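Subject: The structure we talked about

Hi there,

Here is the structure I promised to pass on. Have a look at it first, and then read my notes below.

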Amino acid sequence: MANREALRELQARLAERLQAARSQGVAASWLAVEAGGAHYLLPLAQAGEIFAYSAPQPVPYTQPWFVGVANLRGGLWGVVDIASYLSGRPPQPRTELARAQLRLVALNPVLEVNCAVLIDRLAGLRGLEGFSASAPAPEGAPEWFGSLYTDPQGVRWQEINLQALARQAQFLSISV
């Protein structure tokens, strides 16, 4: 029970900081998330609201990475398991403890795609000053991959351009 309360408090603090970053223009540039054992940076200007995970309604005859549709604040949003989409493999089963940390990050409404990405864990807000090195996207990476950043602990964070991702025909084609 204490873990759930701590997660709620973390999410509330993160939501407050995210709102402050948008309104005050502070140095944070990305929402840091973990999915499928990898670390990703989602640009704040392209990310929307963060929602607690509730199982989406499955949709038949769709790609394995398309988890289903969810009612988020009264609207229907498609849910994409971003780790599965990136790896090209079906979504991996998650333990009950892991499911408690799952979040849905909606794409910013400005992108005009009612979609949320399923992530394994929120890792906070990050700014450029939080990294010790950066490099261009790896060779052969999708065009929606941005720069690759390394933090002082040696963890590599891949930036994902959500706007470019939302324009990809493969991402928009959910049917099998």
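How much space lies in the largest cavity? About 40 Å³. Keep in mind that this is a predicted model, and that everything below was computed from it.

**The cavity**

The structure holds 1 cavity of 30 Å³ or more. You can find the largest cavity by colouring the residues that line it: Val 33, Tyr 40, Leu 42, Ile 82, Val 117, Ile 119, Ile 160 and Leu 162. Strands S2 and S7 each give at least two residues to that lining.

If you wonder how anyone spots a hole like that, the trick is simple. A probe the size of a water molecule is rolled over the atoms, and this shows where empty space is left.

**The cores**

Ile 160, one of the residues lining the cavity, turns up again in the largest nonpolar core. That core has 31 residues, and the ones with the most contacts inside it are Leu 31, Val 105, Ile 160 and Leu 165. Many elements chip in with two or more residues: S1, S2 (38-43), S3, helix H2 (82-87), S6, S7, S8 (121-127) and helix H4 (162-166). H4 provides the largest share, 4 residues.

What is Ile 160 in contact with, leaving aside its neighbours within four places in sequence? The list is Tyr 40, Leu 41, Leu 42, Pro 43, Gln 46, Leu 86, Trp 144, Phe 145 and Leu 165.

There is also another core, apart from the largest one, with 10 residues. Among them are Val 79, Leu 102, Leu 104 and Ala 116.

**Strand S6**

Next, please find S6, residues 103-107. Is this strand mostly covered or mostly open? Mostly covered: 5 of its 5 residues are buried. In a regular strand, side chains alternate between the two faces of the sheet. With that in mind, look at S6 from both sides. Arg 103, Val 105 and Leu 107 are on one side, Leu 104 and Ala 106 are on the other, and all of them are buried.

S6 also has strand partners. S3 (residues 47-52) is joined to S6 by 4 bridges, and these two run antiparallel. Ala 52 has Arg 103 of S6 as its bridge partner. S7 (residues 115-119) is likewise joined to S6 by 4 bridges, again antiparallel. There, Val 105 has Val 117 as its bridge partner.

Two residues of S6 are worth following back to the cores. Val 105 is among those with the most contacts inside the core of 31 residues, while Leu 104 belongs to the core of 10 residues.

**The rings**

Now switch on the aromatic side chains. The structure holds 8 aromatic pairs. One of them is Trp 30 with Tyr 149, a tilted pair with 4.8 Å centre to centre and 50° between the planes. Trp 30 lies in S1 (residues 28-35) and Tyr 149 in S10 (residues 145-150), so this pair ties together parts that are 119 residues apart in sequence. Both rings belong to buried residues: Trp 30 has a relative accessible area of 6%, and Tyr 149 has 9%.

Trp 144 and Phe 145 make another pair. Their ring centres are 5.1 Å apart and their planes are at 80°, so the pair is edge-to-face. Trp 144 and Phe 145 are both buried. They also belong to a cluster, in which ring pairs link Trp 65, Tyr 85, Trp 144, Phe 145 and Phe 171.

**Two odd spots in the loops**

Most residues other than glycine have a negative phi. Tyr 61 goes against that, with a positive phi near 60°, and so does Glu 112, also near 60°. Tyr 61 is in the loop between S3 and S4 (66-72), and Glu 112 is in the loop between S6 and S7. Are they buried or exposed? Tyr 61 is exposed, with a relative accessible area of 70%, and Glu 112 counts as exposed at 71%.

**One pocket to finish**

The second largest pocket has a volume of about 210 Å³. Of the 15 residues lining it, Gly 36, Ala 83, Ser 84, Ser 87 and Gln 92 are the closest to its centre. S2 and H2 each supply at least two residues of this lining, and H2 gives the largest share, 4 residues.

Have fun clicking around!

Cheers

Note on methods: Residues are numbered from 1 along each chain as its sequence is written. Side-chain values use heavy atoms; hydrogens and water are left out. Rings of Phe, Tyr and Trp (its six-membered ring) pair if their centres lie within 6.5 Å; planes under 30 degrees apart count as stacked, over 60 as edge-to-face and the rest as tilted. Buried means under 20% relative accessible area, exposed over 50%, partly exposed in between (1.4 Å probe, protein chains only). Two strands pair if DSSP finds at least two bridges between them. A nonpolar core is a set of buried Ala, Val, Leu, Ile, Met, Phe, Trp, Tyr and Cys residues joined through side-chain atoms within 4.5 Å. Contact means heavy atoms within 4.5 Å. On a 1 Å grid over the protein atoms alone, a cavity is a set of points where a 1.4 Å probe fits but cannot get out, and a pocket is an open set with protein on both sides within 12 Å along at least five of seven lines; lining residues have an atom within 4 Å of a point. Grid points are joined across faces, edges and corners, and a volume is the space filled by probe spheres set on the points.
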